[in-house]
Amino acid sequence: MRIGFALPQFGPLGERISEVPRFAREAEALGAAGLWVGDRLLAPVSPSVPYPGTDGVPEEFRLAADPFTVLTAAAVATERVLLGSNVVNAPWYPPALLARQLAGIDRISGGRLLAGFGTGWSPEEYRAVGVPMEERGARLDECLDVLRAWWTTDPVEHRGPRWTIPAAHVRLKPAREPRPPIYLGAFAPRAMRRVARRADGWLPVVTLPGDFDPVSITEPMAWMRQEAGRAGRDPGELDVILRVNPASEATVDDIVDALKRAHGQAGVEHAFVDPMYLSRDVDHALELCGRILDAAGRG
């Protein structure tokens, strides 16, 4: 099983953003298979919708580093690890700018980018970027259209309900051929149908401690693969990468048990752990990475 880790980005870890290159280098040396970022803009004082699974917003989100900055720093500092986003909230961004940023990161890294997208959950964040939250699904769909065109064609041209790109030369393409893989976070049926029809893979999440049931992965994956087949795709090409979110009371044993069960009972070959709630500082986060890899088997 390939095991990766979230980069220092939020809370006390994000406050030491200058240490991202060191964390990335040392995590790669430990045997991490991937390094990952998320996407938070702000932490509302009085959130109209709480963070999923809580009654508010985690204090760690009060300090959030830009995901593109963090990925770029990790790309320069490493040589082999996958560099992924889980997730970038694609509807917040003009897709041409998003395509350019991610193409640059993929070029800098030598083709190691995995682009994971979602739509977020916070109305306050949508208001802050001036994007109607009720359009998030439609904006994600059009964003995917623009990304594929921007990354794989020249001249690039797009005419949609929200964005227009006149025929134009865009010759800075990603290093990976034909483009970086695109994975999507999804839980609702409509979003899972988008994964099946439009993505290279799915990004489920497990929160620890808790009763992790591998069926929570196998059943949605079976449905999405059937849907992919009905859409004329090869169901076997639809991949899954699991995010493991340990709460502050979770233990290394909890994490390793979930990883082993996901691998053995759900067929998950790639996962990553976010040490945000467990780590006092970057050195402590690296220590946890080493312990998890030692106990679970190095990626």
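How many helices and strands are there in the chain? The legends below start with that and then move in, view by view.

**Figure 1. The whole chain of a predicted model.** Welcome to the structure: the chain has 10 helices and 13 strands. Its C-alpha atoms fill a box of roughly 55 × 40 × 40 Å along the principal axes. For 299 residues, a compact globule would have a radius of gyration near 19 Å, and the 18 Å of this chain agrees with that. Buried residues make up 53% of the 299 residues. Among contacts with a separation of 6 or more, 74% are between residues 24 or more positions apart. The accessible surface comes to about 13000 Å², and carbon and sulfur atoms hold 49% of that area.

**Figure 2. The largest pocket and its lining.** Here we look into a space of about 1200 Å³. Of the 40 residues that line this pocket, P52, V87, G120, W121 and F187 are the closest to its centre. Several elements each supply at least two residues of the lining: the strands β5 (113-118), β10 (205-208) and β12 (242-246), together with the helices α6 (136-152) and α7 (189-198). By class, the lining has 20 nonpolar, 13 polar and seven charged residues.

**Figure 3. The cis peptide bond between N86 and V87.** V87 has already appeared among the residues closest to the centre of the largest pocket. In this view, follow the backbone from N86 to V87: the peptide bond joining them is cis, with omega about -5°. V87 is found in the loop between β3 (82-85) and β4 (88-89).

**Figure 4. The cis peptide bond from L208 to P209.** Omega for this bond is near -5°. P209 lies in the loop between β10 and α8 (215-230). You may remember β10 (205-208) from the pocket view, where this strand supplies at least two residues of the lining.

**Figure 5. The largest cavity and the residues around it.** Where the pocket view showed an open space, this one turns to a cavity, and the count of cavities of 30 Å³ or more comes to one. Its volume is about 40 Å³. The lining draws on two stretches of numbering: A6, L7, P8, Q9, F10 and L13, along with D274, P275 and M276. Sorted by class, these lining residues are seven nonpolar, one polar and one charged.

**Figure 6. R107 in helix α4.** Helix α4 covers residues 95-109, and R107 has its place there. Is R107 buried, exposed or partly exposed? R107 has a relative accessible area of 43%, so this residue counts as partly exposed. Apart from neighbours within four places in sequence, R107 is in contact with L172, K173, P174 and A175. For a sense of scale, R107 and G201 are 94 residues apart in sequence, and their C-alpha atoms are 22 Å apart in space.

**Figure 7. V252 in helix α9.** Our last stop is helix α9, residues 252-266, where V252 lies. Buried or exposed: which word fits V252? V252 counts as buried because its relative accessibility is 13%, and the cut-off for buried is under 20%. Setting aside neighbours within four places in sequence, V252 is in contact with L288, R291 and I292. Farther along the chain, A296 is 44 residues from V252 in sequence, with 9.7 Å between the two C-alpha atoms.

Conventions:
Residues numbered from 1 in each chain as written. Predicted model: local features only at pLDDT ≥ 70, side-chain atom pairs only at ≥ 80, totals over all residues. Heavy atoms only, no water. 1 Å grid on protein atoms, 1.4 Å probe; cavity = no way out; pocket = protein on both sides within 12 Å on 5 of 7 lines; lining within 4 Å. Points joined across faces, edges and corners; volume = space filled by probe spheres on them. Nonpolar A, V, L, I, M, F, W, Y, C, P; charged D, E, K, R; others polar. Helix = DSSP H or I, 4+ residues; strand = E, 2+ residues; numbered from the N terminus. Rg over C-alpha atoms; globule rule 2.2 N^0.38 Å. Buried < 20%, exposed > 50% of the residue type's maximum accessible area, 1.4 Å probe, protein only. Contact = heavy atoms within 4.5 Å. Areas by Shrake-Rupley, 256 points an atom, 1.4 Å probe, with all protein chains shown as cover.
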